[in-house]
Number of protein chains: 2
Amino acid sequence: MGNRPKKNVTIYDIAKAANVSPATVSRVLTGNAKVSEEKKKLIMEQIEMYDFKPNALARGLSVNKSFTIGFIVPDIKNQYFSTVYYEFEKYALKNNYTALVANSQSNYERESQLLNMFLEKRVDGIVLMGGRVDTNSCDKKYYDEIEQINKIVPVVVTSKNENIKVPTVYLDEEQSIYDLISHLKSQNCSSVGLLCGYDNINVSFIRRKQFKEACKFYGLEMREEWIIDGDFSIEGGIRAMTKLSQCLKVPDAVCCINDMVAAGALNYVHANNIDVPGDILITGIDGSYICEAAYPQITTIQVDYESFARKVCQMLIDSINQTCINTEVPSKTNVIVRGSTRRILK
Amino acid sequence: MGNRPKKNVTIYDIAKAANVSPATVSRVLTGNAKVSEEKKKLIMEQIEMYDFKPNALARGLSVNKSFTIGFIVPDIKNQYFSTVYYEFEKYALKNNYTALVANSQSNYERESQLLNMFLEKRVDGIVLMGGRVDTNSCDKKYYDEIEQINKIVPVVVTSKNENIKVPTVYLDEEQSIYDLISHLKSQNCSSVGLLCGYDNINVSFIRRKQFKEACKFYGLEMREEWIIDGDFSIEGGIRAMTKLSQCLKVPDAVCCINDMVAAGALNYVHANNIDVPGDILITGIDGSYICEAAYPQITTIQVDYESFARKVCQMLIDSINQTCINTEVPSKTNVIVRGSTRRILK
DNA sequence: CACCTTTTAGAAACCGATTTCATCTTTTTG
DNA sequence: CAAAAAGATGAAATCGGTTTCTAAAAGGTG
């Protein structure tokens, strides 16, 4: 404790020890130029001997590249974001990138602060999930900031937002939502409520629209009063379900904006002795552990995290390497049917 | 797209524009030396004008400090780890640190690879959760590596492991485990099974020992055959519970090594029409969302994530600043009683 | 064997900050 | 009012890599 070596081994030390110039050591390190086998062997030996680790700060300064990506999520505790990051990191590491992860807590000022830190740290690219990206009602300056930053360093956002013109990878759940409604119909369901996030959150807005259309398409009733705003938490699900249950007529299925809300709805249902799936069907979106932990297990729209995250990473790397072609890539989902909507034995 | 400016604004540009030397600009940036108000104002204006962001790579190279922390977890999808990181990051940011997050997938070679990347990136400190830190049966070279790295850059690990002599912050659940068993007894429970992780995982080993002692203390039966190995997943919980149910006599309470396993146990129980808490009591550990999503909700040992993560961060920063005093700090937990063990109305 | 090409490797400049050292001014003090 | 102390600032070295430029050595060709 308290007596770590102050001096690191440098390329100069290795050069001296191997009796060559620093340039030659560098050539061995980068592999960017030919070095005779003889000297290469000598150098490698010394690198081994000294357990030399090239200083990435110096390298980064020199080549103007940090092999670091900034990754902003609203809240890494939310399994949706942690899973995307998990898969993203796998793919990024294969391409030699490490990621700085930061939680914006959906706070725009904090997001700005984090983006600035990332710029100072000279990240090679930035992934921005949630926060202002996911909102269509925040001050225009916040959208501008992202476009401005994208002019300096590649940015990829993960939500479709017409206000922000930067490369985007987004979840396309339309087909799944139709499939889900169709499935509910097959379970003798005739009316559907929606426990939704706020209207100004893009993902809520889009899903709400698609749910409405799907219900119309399959002829299921969906009243406006059954569409309840809320947040994305278990608590929010309980509150929303409480509100829904105060309607004169109650729908016989409830689609939730994510799995947490669905879990909250189930909480309410259990507390009030309502039978699922007997009295009411409940569905979530995301495909998180919660679905399997709940009882009955929750029917959900499963995100293909591996594929989604890979697309994000690939788009960012392409953008870094200036080989980016598409700027808006969808990622598909699929329905997983579980106990919360399984009424009819097949 | 494809035409980002190649040249960044540097301290030299600012110096030229403000008609001062780069040294003076630097003095303004760092605040390490007096600069006349007049020049300071001029410089600030130019910094504003150019939207100048100092290059952290250059600064890091110069002062030999990156203000970056490496954070290794086995799996950020696991809510225990993501919550610790979430709280850690809050605290780290206040101290101007950003964190590189990486998933080791509990793979030692990958862990080594990540540690090496961190060393190359000249992180100021490393937090190591899980993986080899949590295992007491892996090759000695893996423990040595951590001690070796701790000689180069401060490391904090989050699991008590006698094989590794580096600063440690760990969960001290002993009191909570006694409280939990006492609570079970109060619910007319007389025998306890344990769905545990493998014996070579420290956290399993310690908890198992403490559960045994607590049961002995309170006079609850705990047979060896009721202690079932497994992993830390829902699937693992189902498997373990299946195995437990094959015993001739079955305990009337089951304590699980974490909430996920408890959720798995509940899964089994539901599938087999066993009543919780009527026929059997089930408990978890961690205090994750899962507890509230499950039905009945799971009684658990709640980790105080904020306090735990703060201790980790503080210890690391102290270690970086050479002001580290303690090298082994416990963090308390407490029991939260929910439906899965509430038999008796109070 | 002389001439040209290719290969290999070192010297030195560069990336963009910080910091030491020296210089010049200004202020304090005896 | 001169000498000493304090304050502000610039020049230049430094951190540790990469890369360009150049020169020497090796190899190929007529």
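**Figure 1. Where chain A meets chain B.** In this predicted model, 69 residues of chain A are in contact with 69 residues of chain B, contact meaning heavy atoms within 4.5 Å. About 6,400 Å² is buried between the two chains, and carbon and sulfur atoms give 57% of that area. Buried area here is the accessible area (1.4 Å probe) that two parts lose on being put together, summed over both. On the side of chain A, the residues that lose the most area to chain B are R4(A), L57(A) and K77(A), together 12% of what that side buries. Residues are numbered from 1 along each chain as its sequence is written, while chains are lettered from A and ligands numbered from 1 in the order in which they are written. Because the model is predicted, local features need pLDDT of at least 70 and side-chain atom pairs count only at pLDDT 80 or more, whereas totals for chains, interfaces and linings use all residues; side-chain values use heavy atoms, with hydrogens and water left out.

**Figure 2. Polar and charged links across the interface.** How many salt bridges are there between chain A and chain B? The count is two, where a salt bridge is a side-chain nitrogen of Lys or Arg within 4 Å of a carboxyl oxygen of Asp or Glu. E89(A) and R110(B) bring their side chains together in a salt bridge, at 3.1 Å from N to O. Also across this interface, 24 residue pairs are in polar contact, both residues at pLDDT 80 or more. A polar contact is a pair of N or O atoms within 3.5 Å; within protein, one must be able to donate a hydrogen and the other to accept it, and residues adjacent in sequence count only if both atoms are side-chain atoms. Among the elements of chain A that give two or more residues to the side touching chain B are helix 5 (79-94), strand 2 (98-103) and helix 7 (140-152). Helices (H or I, at least four residues) and strands (E, at least two) are DSSP runs, numbered from the N terminus. Sorted by class, this side of chain A has 33 nonpolar, 23 polar and 13 charged residues. In this sorting, Ala, Val, Leu, Ile, Met, Phe, Trp, Tyr, Cys and Pro count as nonpolar, Asp, Glu, Lys and Arg as charged, and the others, Gly among them, as polar.

**Figure 3. How the two copies are related.** A turn of 180° with a shift of 0.0 Å along the axis lays chain A on chain B with an RMSD of 0.0 Å. That is the relation of a two-fold axis. The superposition is by least squares on the C-alpha atoms of residues with pLDDT of at least 70 in both copies. The copies meet through the same surface, because 100% of the interface residues of chain A are also interface residues in chain B.

**Figure 4. The surroundings of DNA strand C.** Thirty residues surround DNA strand C, and the closest are T24(A), R27(A), I11(B), S26(B) and S62(B); a residue is near a strand if one of its heavy atoms lies within 4 Å of it. Of the strand's atoms that come within 4 Å of the protein, sugar and phosphate account for 66%. Let's look at three spots along the strand. A polar backbone atom of S21(A) is 2.8 Å from a phosphate oxygen. In the side chain of S62(B), an N or O atom is 2.7 Å from a sugar or linking oxygen. The side chain of Y12(B) has an N or O atom 3.2 Å from a base nitrogen. By class, the surface near DNA strand C divides into 13 nonpolar, ten polar and seven charged residues.

**Figure 5. The surroundings of DNA strand D.** Which residues come nearest to DNA strand D? Of the 31 residues around the strand, they are I11(A), S26(A), T24(B), R27(B) and K34(B). A base nitrogen of DNA strand D is 2.6 Å from an N or O atom in the side chain of R27(B), and another polar side-chain atom, in Y12(A), lies 3.0 Å from a base nitrogen. N32(A) has a polar side-chain atom 2.9 Å from a phosphate oxygen of the strand. The surface near DNA strand D has 14 nonpolar, eleven polar and six charged residues.

**Figure 6. Backbone details in the loops.** Most residues other than glycine have a negative phi, and most peptide bonds are trans. In chain B, the peptide bond from V276(B) to P277(B) is cis, with omega near 5°, and P277(B) sits in the loop between helix 11 (259-271) and strand 9 (281-286). The bond from Y295(B) to P296(B) is cis too, with omega near -5°. N19(A) has a positive phi, near 65°, and is found in the loop between helix 1 and helix 2 of chain A.
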